[in-house]
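Me: Got a model open and want to go through the backbone and the cysteines. Can you take some questions?

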Amino acid sequence: IPVDPFDLVVFGATGDLANRKILPGLYRRFFAGQIPEKSKIIGAARSEMDIEAFRAQARAAITDHVGKAKQVPAQIEAFLRVLDYVAIDAQGDAGWDELAAKVDCARVNAFYFSVAPALFGPLAERLHRYQMAGPEARIVVEKPFGRDLATARALNATLAAHFDEHQIYRIDHYLGKETVQNLMAVRFANILFEPLWNAQYVDHVQITVAETVGVGGRGSYYDKSGAMRDMVQNHMMQLLCLIAMEPPYHFDPDAVRDEKLKVIRALQPVQPADIVRGQYLAHRHCADEGALRGYLEDVENPNSRTESYIALKCHIANWRWQGTPFYLRTGKRLRARTSEIAITFRQPPHSIFDETDASWRENVLVIRLQPNEGMNLKVMIKEPGPGGMRLVQVPLDMSFAEALGEDGADIPDAYERLIMDVIRGNQTLFMRGDEVEAAWAWTDPVIAGWDERGERPQPYDSGSSGPEDALMLMHRDGRRWREIR
Ligand code: BG6
């Protein structure tokens, strides 16, 4: 959907996220003809540099992060002409008059806070003071949105002092992933699944986000955060909500977010016995080549008790899900990079076939978020041949890239989709303030529990599937994790 010319200011325009995701993503949208040439994309950061230096930085970001097929010189030049730059002091007054003169308050203007959360308040306050917080203004804030309920509340209050909730776009980039949105399409555009989508028919749900990378250069942030704050409170919680929520009355921002909020509020406290935390050890056979250091060395903190892996079991106390556990796991330096949601259905109540191995009878719907986005439904059929009625489980497999041809292979990155949603004024894929607070309200006591007990995460080998005890979390319920591969 085309948009009218707009102004987008990227605070933190020289940072890592801007170079890896925001600028390349904006270029790809420009290339697709979605950003009118009369728009302005204004980089703002502390560094004193002229516009040509900023354009050179953007050009390098495009070269490094955009596929070769889209690196068309004339298009790149045209995109660079849309860029502008202002050196700004987020906590002082330098640069603000200049920025205000460049932003046209009569048209849509968005301000992307790609900066440390400590600067969210000062930026919001200055946008207001320099009269850029008009009714057409939108602000985009990155995670982490607080580190607990108290800090998230304080952050919400700071932003609310200058902007209405409908102007605040809290990014969770998982919501911008194609397959994550497809979850809603699968559930609410088909009659097939909904009648089975409840505790009567679903035995359990597994949500896995496995990464091969370690904490890399982000050690100082990560060690204060850990997998629970970094992944579970936000990305995994959002996935869980989309699986578990009731059908919204309309695909509309507040209708969708109201339903997600109800799920978070219905989440039961997690019991200590239902959590396994881990920390990776150095290992030579890791998929991430050269990743030889263990977590403690990576974060340069030999006493760290922060988890780089977490597996937990949780329950949603409502009519739909009473009795169906949700198992969540995420970790760094695991065997493979794979994110998926697996919904395991209960077995048929009675088998008319003479089978010995009943465990094969379950139907599993797997939604692959990455890599190779798609869906896979495991169904039972008769094994071909004259050997009698022998059953075998086979996949009904669909890869988006194959099913949708070129369109499927050219899936836009989460960030570029989300930025365009900001410009269009569509908040459906952004977290509302009360949702973020409810997620922290559930997360806080879990973290406080292990802090009080002084628990240490269990070591696991890099390149493995995580700590041994995580297997037990499932085994003792007579279930097993799907393989990470
Ligand atoms: C980020 C986390 O939000 O998500 C990172 O801070 C994590 O630690 C990343 O690696 C995972 O995102 P993706 O899109 O690569 O699965």
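Reply: What follows is a short run through a predicted model, taking cysteines and then backbone geometry.

Me: How many disulfides are there?
Reply: A search of the whole structure gives 0 disulfides.

Me: Why is cysteine 241 not bonded to cysteine 314?
Reply: The closest cysteine sulfur to that of cysteine 241 is in cysteine 314, and because it is 10 Å away, it is too far for a bond. A disulfide needs the two sulfur atoms within 2.5 Å.

Me: Is cysteine 241 buried or exposed?
Reply: Cysteine 241 is buried, at a relative accessible area of 0%.

Me: And cysteine 314, buried or exposed?
Reply: Cysteine 314 is buried, with 2% relative accessible area.

Me: New topic. Which residues does a cis peptide bond join?
Reply: One cis bond links lysine 143 to proline 144, with omega about 0 degrees. Another links glutamine 370 to proline 371, with omega about -10 degrees.

Me: Where are proline 144 and proline 371?
Reply: Proline 144 sits in the loop between strand 5 (137-141) and helix 6 (149-160). Proline 371 is in the loop between strand 12 (364-370) and strand 13 (374-382).

Me: What about phi of glutamine 131?
Reply: Phi there is near 60 degrees, positive although glutamine 131 is a residue other than glycine. Glutamine 131 lies in the loop between helix 5 (120-129) and strand 5, and is exposed at 67% relative accessible area.

Me: And phi of glutamate 300?
Reply: Glutamate 300 has a positive phi, near 50 degrees. The loop between helix 11 (295-298) and strand 9 (309-314) holds glutamate 300, which is exposed, with a relative accessible area of 65%.

How values were computed. Residues are numbered from 1 along each chain as its sequence is written. This is a predicted model: local features need pLDDT of at least 70, side-chain atom pairs count only at pLDDT 80 or more; totals for chains, interfaces and linings use all residues. Side-chain values use heavy atoms; hydrogens and water are left out. Buried means under 20% relative accessible area, exposed over 50%, partly exposed in between (1.4 Å probe, protein chains only). Helices (H or I, at least four residues) and strands (E, at least two) are DSSP runs, numbered from the N terminus.
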